[in-house]
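User: I would like to go through this structure and ask what justifies the terms applied to it. Please set each value against its criterion before concluding.

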Amino acid sequence: MQLINPPDGRPWALFGLTGASLLLNAVLIGRLALAPAPVAAPIAPVAAPEAQAAANNIDTPEAAVVSAEEAPVQAVAGVEGLRVVSADVSHSLARTFQNAVPEHADVLSAVYARLFVWDLDLRRDLQKGDKIVAAYSWDGELAHIPVASYHSLKLGKTLNAYEFTVDGDVYPSWWDESGTEVPRRLVDGPLRQYEQVTSLLKDRPTHKGMDFKVPVGTEVLSPKSGTVVRSDWNVAYNGNCVEVRYNDGTLARFLHLSDTAVAAGQQLAAGSVVGLSGNTGRSTAPHLHYELESGGKVVDPVKYHGVERRNLPDSQLSAFQDEVAKLKATLATDA
């Protein structure tokens with residue numbers, strides 16, 4: 001076959017075919033680039049601890065560490081309804097309880113966390129090899145923990161919490177073996193007594209205050225002198241509520257009250273009753289939500305007020321040590 005000599009001796013036809021090929025490839029590549037990326041199959045969600053915990057107005061601080069080893073749950077001989085759970089941590093606190101006590105894990109982990117959140121950052125301080133131990137009973141809705149411990153590799157020690165009611169207190173609290181209270185209390189807080197702090201500001205990014213578990217009808221106080229700004233606004237969310245501007249300019253809000261006792265413009269002395277605790281608005285259980293703001297920014301009540309830990313009076317130490325011995329025996333059960 002005779003080849004046609006290209007003009008000027010150059011292979012123009014070959015150049016044309018090459019150019020057309022390059023153009024076609026460019027078009028195809030462009031179409032691929034504009035095509036939507038394939039969507040990855042969603043990861044099956046793990047049941048959130050907050051789901052059941054929210055029903056009891058208890059928050060579980062987010063924990064991010066490293067899956068927990070399965071651990072047996074033992075019944076305590078001679079104590080009806082009391083069981084002991086023991087597990088090694090190799091993931092989050094919530095996952096540890098889910099593996100060990102699937103039927104009660106959500107609420108149990110939340111109640112347990114409230115004991116040790118003051119000493120540990122439960123999102124950052126947990127380490128693989130830490131150990132949880134707790135005795136608990138279940139009333140159908142809520143877990144009750146009379147004694148618990150957490151062995152922390154980060155702290156290099158075991159934290160203990162023993163339930164004990166001091167003479168004169170309405171509710172029990174938890175104490176270490178020396179008789180020092182495990183949870184902190186706000187200095188001059190809005191309640192004289194309460195059952196437990198169930199949520200701190202740092203527990204959830206969207207939570208703007210501090211929650212106290214307390215029965216409906218408990219007196220709520222203004223910790224500082226100030227002026228009532230307003231009451232009962234946005235009741236669908238806040239329920240009955242009061243806002244007070246302290247004399248230092250800080251705004252304080254008291255939410256979910258059963259009743260309010262003050263009106264806008266009223267001057268208050270420190271310790272004045274602003275209302276009664278309740279379960280109104282967006283609330284799933286009786287509690288007080290206490291919120292602070294300054295210059296348009298949320299203020300942590302723990303930093304604003306400061307916190308303290310009580311020590312048992314000498315007159316109570318003997319009874320407390322007797323109770324500690326009983327609770328230790330509960331944790332050591334082989335039943």
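User: Which residue is the bridge partner of Leu255 in strand 16?

Analyst: The model is a predicted one. In it, Leu255 has His289 as its bridge partner in strand 16.

User: What makes strand 13 and strand 16 a pair?

Analyst: Two strands pair if at least two bridges are found between them. Strand 13 (residues 251–260) and strand 16 are joined over five bridges in the antiparallel sense, so the criterion of at least two is met.

User: Which other strands pair with strand 16?

Analyst: Strand 9 (residues 209–213) runs antiparallel to strand 16 and is joined to it by five bridges; within this pairing, Lys213 has His287 as its bridge partner. Strand 17 (residues 297–299) is also antiparallel to strand 16, over three bridges, with Leu292 opposite Val299. Strands 16 and 17 form a hairpin with two residues between them. In the turn, Gly295 has a positive phi of about 60°.

User: Why is strand 16 called largely enclosed?

Analyst: Strand 16 covers residues 287–294, and six of its eight residues are buried, so the rest of the structure largely encloses it. The term buried requires a relative accessible area under 20%. Helix 3 (residues 93–100) is described in the corresponding way because six of its eight residues are buried. Those residues are Leu93, Ala94, Thr96, Phe97, Gln98 and Ala100. For the protein chain as a whole, buried residues make up 43% of the 335 residues.

User: Why is the contact between Arg310 and Asp169 called a salt bridge?

Analyst: The term requires a side-chain nitrogen of Lys or Arg within 4 Å of a carboxyl oxygen of Asp or Glu. For Arg310 and Asp169, the closest N and O atoms are 2.9 Å apart, so the pair qualifies under the 4 Å limit. Arg310 lies in the loop between strand 18 (307–308) and helix 7 (314–331), and Asp169 in the loop between strand 5 (157–164) and strand 6 (173–175), so the salt bridge ties together parts that are 141 residues apart in sequence.

User: What makes Asp169 buried and Arg310 partly exposed?

Analyst: Buried means under 20% relative accessible area, and partly exposed covers the range from there up to 50%. Asp169 has 18% relative accessibility and therefore counts as buried. Arg310, at 25%, counts as partly exposed.

User: Which salt bridge does Arg310 form with Glu181, and how is Glu181 classified?

Analyst: The side chains of Arg310 and Glu181 meet in a salt bridge with an N to O distance of 3.0 Å. This pair links distant parts of the chain: Arg310 is in the loop between strand 18 and helix 7, and Glu181 is in the loop between strand 6 and strand 7, 129 residues apart. With 1% relative accessibility, Glu181 counts as buried.

User: How do you know that Glu177 and Lys328 form a salt bridge?

Analyst: Their closest N and O atoms are 2.8 Å apart, so the condition of lying within 4 Å is fulfilled. Glu177 is partly exposed at 34% relative accessible area, and Lys328 is likewise partly exposed at 38%.

User: How many salt bridges does this rule give, and which residues are linked in a network?

Analyst: The count comes to 17 salt bridges. Arg230, Glu243, Arg253, Glu291 and Glu293 are linked in a network of them.

User: Why is the pair of Phe164 and Phe320 called edge-to-face?

Analyst: A search of the whole structure finds six aromatic pairs. In the pair of Phe164 and Phe320, the ring centres are 5.4 Å apart and the planes stand at 75°, so the pair is edge-to-face. The limits are 6.5 Å for the centres and over 60 degrees for the planes. Phe164 lies in strand 5 and Phe320 in helix 7, so the pair ties together parts that are 156 residues apart in sequence. Both Phe164 and Phe320 are buried.

User: Which residues form one aromatic cluster?

Analyst: Phe97, Tyr112 and Phe116 form one aromatic cluster. Phe97 is also among the buried residues of helix 3.

User: What makes the charged end of Arg185 count as sitting over the ring of Tyr194?

Analyst: The charged end of Arg185 is 5.1 Å from the centre of the Tyr194 ring, and the distance criterion is within 6 Å. The charged end is accordingly described as sitting over the ring of Tyr194.

Terms used. Residues numbered from 1 in each chain as written. Predicted model: local features only at pLDDT ≥ 70, side-chain atom pairs only at ≥ 80, totals over all residues. Heavy atoms only, no water. Helix = DSSP H or I, 4+ residues; strand = E, 2+ residues; numbered from the N terminus. Buried < 20%, exposed > 50% of the residue type's maximum accessible area, 1.4 Å probe, protein only. Phe/Tyr/Trp six-rings, centres within 6.5 Å; stacked < 30°, edge-to-face > 60°. Lys NZ or Arg CZ within 6 Å of the ring centre and 35° of its normal.
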